[in-house]
Amino acid sequence: MTEESSASKKVSHTFRVRYAETDAMGIVHHGSYVIWMEMGRTEFMRSFGFTYSQLEKTGVVMPVLEINVRYRQSSFYDDELRITTWVEELSRTKIKLAYTIVRTSDERLLTEGWSLHTFTGIDGRPIRITHHPEAWAKLQMMAPADGINA
């Protein structure tokens with residue numbers, strides 16, 4: 001599901017908590033949220049018709065520089081959750097994506113956070129994404145106009 005507003009282009013993806021993502025008490029392990037943020041990022045890109053593997057084929061990868069997760073409420077085995085992802089900032093050298101995770105049964109905000117990525121070539125050396133016109137054009141489509149700092 002894609003929502004567009006003047007400020008952001010948000011994509012939501014719904015999934016269920018698996019048993020392996022919980023501890024002995026049935027509470028989701030804190031590390032699972034980071035994995036779900038990656039899932040949100042992947043589905044976000046896919047919704048714009050540009051997968052991460054297609055990005056890699058242009059010679060670009062997006063390693064994580066920083067990640068921030070704020071835990072507000074616990075989630076449990078078999079909860080249905082919705083992760084919403086959007087681009088907060090985009091420049092020639094980095095992209096910042098933001099996330100919320102909500103339990104669908106009560107619309108409770110469980111977690112919010114962001115991840116900051118840089119752009120590198122396959123060899124790991126920093127690049128300017130503007131030197132890869134196909135990738136730059138696709139990423140610009142995903143970002144709100146006021147979030148681009150070319």
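This note covers the core, one buried threonine and the salt bridges of a predicted model.

1. Because the model is predicted, local features need pLDDT of at least 70 and side-chain atom pairs count only at pLDDT 80 or more, while totals for chains, interfaces and linings use all residues. Residues are numbered from 1 along each chain as its sequence is written, and side-chain values use heavy atoms, with hydrogens and water left out.

2. The largest nonpolar core (buried Ala, Val, Leu, Ile, Met, Phe, Trp, Tyr and Cys residues joined through side-chain atoms within 4.5 Å) has 31 residues, of which W36, V87, L90, I95, F119 and M142 touch the most other members. Two or more residues come from each of β2 (9-16), α1 (30-47), β5, β6 (94-103) and α3 (133-142), these being DSSP runs numbered from the N terminus (helices: H or I, at least four residues; strands: E, at least two). The largest share, 5 residues, is given by α1.

3. T84, in strand β5 (residues 80-91), is buried at a relative accessible area of 9% (buried is under 20%, exposed over 50%, partly exposed in between, with a 1.4 Å probe and protein chains only).

4. The structure holds 8 salt bridges (a side-chain nitrogen of Lys or Arg within 4 Å of a carboxyl oxygen of Asp or Glu). R18 pairs with E21 at 2.6 Å between the closest N and O atoms; R18 is exposed at 52%, whereas E21 is buried at 8%.

5. K96 and E88 meet in a salt bridge at 3.5 Å, N to O, with K96 buried at 17% and E88 partly exposed at 34%. Salt bridges that share partners also join D79, R103 and D106 into one network.
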